[in-house]
Amino acid sequence: MALTRRRFIKTGLMGGLAAAAMPGLSALPALAESKTRTYTIQAQPAKIDLGGGEAFAAWTYNGQSPGPEIRVKEGETLCVILENGLPQPTSIHWHGLPVPNAMDGVPGLTQTAVPPGGRFVYEFTARPAGTYFYHSHQGLQLDRGLAGALVVEEARPIGGWDREYTLMLEDWVAAAGNGPAARRRRSPSGRGMMGRRGMMRGGRGGPLLEPLYDAYAVNGLAYPFARPLTVKKGDKVRLRLINASAASIYDLALAGHRLTVTHSDGRPVAPATFDVVRLGGGERYDVEFIAENPGSWLLQAWDSGLGESGLSVPILYEGVQRAAPTPPRFHRGLSLCTYPELRAAQAVPITSEPDLWYRQLLSGGMHSPYWGINGRLHPNSETLPLGLGQRVRLGYRNHSHMPHPMHLHGHFFRVVNPDLPRELWIFKDTVIVEPMRGLQVEFLADNPGRWLHHCHNLYHMEAGMANELAYETSGPRDKTLT
Ligand code: C2O
Ligand code: CU
C-alpha cells in the first residue's frame, strides 16, 4: 500500500526491463463457425503489485488484474463461466459487444447479480471482430481491478502486422490514504473527505467522488516496471489500446513515431495518422506504427488534469542498448485524433432519417457531487422508449466542466459528422462529450431488450449519470421528441 510515485522512480529504473516478445500473428485457418470457446473466470480478492514488489489487496479475475485476455474468433460461441469468489455480488459486462440482452451483465437490469459463491454462465456469439474488454458492472468493482481484455479476431485474418500487443490502461490508487488532501483533484465541490481505500465521499451520505489516482498501469504494471514492448526495425506493429480506467482520460503519444488509427472501438476506420490519440474510459483504438526509428522510446499519456504524465510504457527496439526511454514531447501543434477526422473504412449506408431524437443534457458537478442526464439521476432517470427497426438519434450537450465518455450498451452507434457523407460516419460505442460541447450519435434499434446508457467515468455513473433504453415489445409508441 505504501507505493508512491517517488518510490517508483527511485527504485524502478533498474527493474522491469525483462522484455517479453510476442510472436507475430501467423495466418490461422478460419475455424468452423460452430466452435465454442470456454473460459472459467473466478472473481476473487488477491494481492497484486504494480511492479514495485509491494502488494496490495485488489479484486481480480483468476488472481490477476487485469484478468486473462479472452481471445475468440468472430462467429465462434464464447462461453464464460463466472464463479464469484468475492464477498459481494458481481457480474460481467462485455463492453462493446452487442450481445443478447440477457447476457449483458448489468445487475438489476439484465440479470440478478451473482451472489458470493454463486456462478453464472455467459454464452453468446462473438461478433463483430474487434478490440473489446470485459468488466464487472456492479458498483465501483471495476475500479478495484475487475477488468480484462477481450479480443475477437477476424474469422479470416486480415493480417499485415508483424507484432501485436494488447494494452490495458488502468488508473490505480496505490498509496495508502491517497496522498495529501492538497493534491486532491476533481473534487467538484471541494468538500470531498478522505475515505476508505482513498475514496472520497461528497458530503454526508453522498456518492463517492473519484479518488486521486497515483499510479497508472499498462497490463498491470506501472512505469518504470511496465514491460517494454519489443519491436524489430521494419516491423509493422499493432497496438490494441483499451482504456479500462475508472475515471482517467489519456492523451497518448509515442516518442519518435506517429500512430495510425485503424479501428475505433473495434470497428475499422480508414487509416489516419496522428501524433496523439485520446482515449476516454471505455474507448478502444487499434493503432499501428512502422518501427523505423530504432531506439528506446516511451508511449506515454499526457494528463491535462494532473499537468504531469502518468501512464507510460517503453517501446524497445531489439539490439538497442537499454537506456532510459525518451518520452514524447507534448507541445502545441501536435495533431490529435478527433472523431470528425475519422471515417469508416467502408461505406455502410444509412437509409433513413432518425425516427426518434433524444436530447441528452449532461450536467452536474459544480455545486453538487451528483451527475445527471436531463437533470435526473439514475435510477430515477428517464427511460427512453424505442422500437425495433427505428433509427435513434442521441443529441448530447455537455453543460458541465468535465468530459463525459458516454457509452451505450448493446449497440454500435454512428458518430454524426455533417462534413461527411452519412455512409462514412464511424461506428463506436463510447464517445467523449467534451466540456460545454455537443455531439450527436445515431443507431439502428436492432437488439431488443432493456439497455443501460451511461457515462463511463464510474464515479459519474454511480452518482447518477445513466439512463435506460427500453424496446417496446408491443410495437413502437408515437414518435417521441424529448
Ligand atoms: Cu463498460 Cu456499462 O460499461
Ligand atoms: Cu461523466
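**Getting to know a predicted model**

Visitor: Which residues have the most contacts inside the largest nonpolar core?

Guide: In this predicted model, the largest nonpolar core has 86 residues. A nonpolar core is a set of buried Ala, Val, Leu, Ile, Met, Phe, Trp, Tyr and Cys residues joined through side-chain atoms within 4.5 Å, and buried means under 20% relative accessible area (exposed is over 50%, partly exposed in between; 1.4 Å probe, protein chains only). The residues with the most contacts inside this core are Leu167 and Leu239.

Visitor: Before we go on, how are residues, chains and ligands numbered or lettered, and what pLDDT do side-chain atom pairs need?

Guide: Residues are numbered from 1 along each chain as its sequence is written, while chains are lettered from A and ligands numbered from 1 in the order in which they are written. Hydrogens and water are left out of side-chain values, which use heavy atoms; totals for chains, interfaces and linings use all residues, local features need pLDDT of at least 70, and side-chain atom pairs count only at pLDDT 80 or more.

Visitor: How many residues are in the second core?

Guide: This second core is separate from the largest one. Among its members are Val72, Trp94, Tyr132 and Leu146. Its size is 27 residues.

Visitor: Which residues does Leu239 contact, leaving aside its neighbours within four places in sequence?

Guide: Contact means heavy atoms within 4.5 Å. Leu239 touches Asp286, and it also meets Tyr165, Leu167, Leu229, Tyr285, Val287, Phe289 and Leu299.

Visitor: Which residues hold the copper ion (ligand 2) as protein donors?

Guide: Donors are N, O and S atoms within 2.8 Å of the metal (3.2 Å for Na, K and Ca), and sites may look incomplete without water. Here the donors lie 2.0 to 2.1 Å from the copper ion, and in sequence they are spaced H-x50-C-x4-H. Both Cys455 and His460 are buried. The donor atoms are ND1 of His404, SG of Cys455 and ND1 of His460.

Visitor: Where does the side chain of Thr60 find polar partners?

Guide: Thr60 lies in strand β2 (residues 56-61); strands (E, at least two residues) and helices (H or I, at least four) are DSSP runs numbered from the N terminus. Thr60 is buried, with a relative accessible area of 0%. Its side chain has a polar atom 2.7 Å from the backbone oxygen of Gln44. At 3.1 Å, the side chain of Thr60 also reaches the backbone nitrogen of Gly63.

Visitor: Which side chain makes a polar contact with that of Glu283?

Guide: Glu283 is found in the loop between β20 (276-279) and β21 (284-290), and it counts as buried at 0% relative accessibility. A polar contact is a pair of N or O atoms within 3.5 Å; within protein, one must be able to donate a hydrogen and the other to accept it, and residues adjacent in sequence count only if both atoms are side-chain atoms. The side chain of Glu283 reaches the backbone nitrogen of Gly280 at 2.7 Å. At 2.9 Å, its side-chain partner is Lys428.

Visitor: Is Asp265 buried or exposed?

Guide: Asp265 sits in the loop between β18 (259-264) and β19 (267-274). Its phi is near 50°, a positive value in a residue other than glycine. Glu283 is in contact with Asp265. At 0% relative accessibility, Asp265 is buried.

Visitor: What is the phi of Asn62 near?

Guide: Asn62 lies in the loop between β2 and β3. With 32% relative accessibility, Asn62 is partly exposed. Its phi is positive, in a residue other than glycine, and is near 55°.

Visitor: What is omega, about, for the cis peptide bond that joins Ser65 and Pro66?

Guide: Pro66 also belongs to the loop between β2 and β3 (67-73). Ser65 is one of the contacts of Thr60. For the cis bond from Ser65 to Pro66, omega is about 0°.

Visitor: And where is Pro128?

Guide: A cis peptide bond joins Arg127 and Pro128. Omega of that bond is about -5°. Pro128 is in the loop between β6 (119-125) and β7 (130-135).
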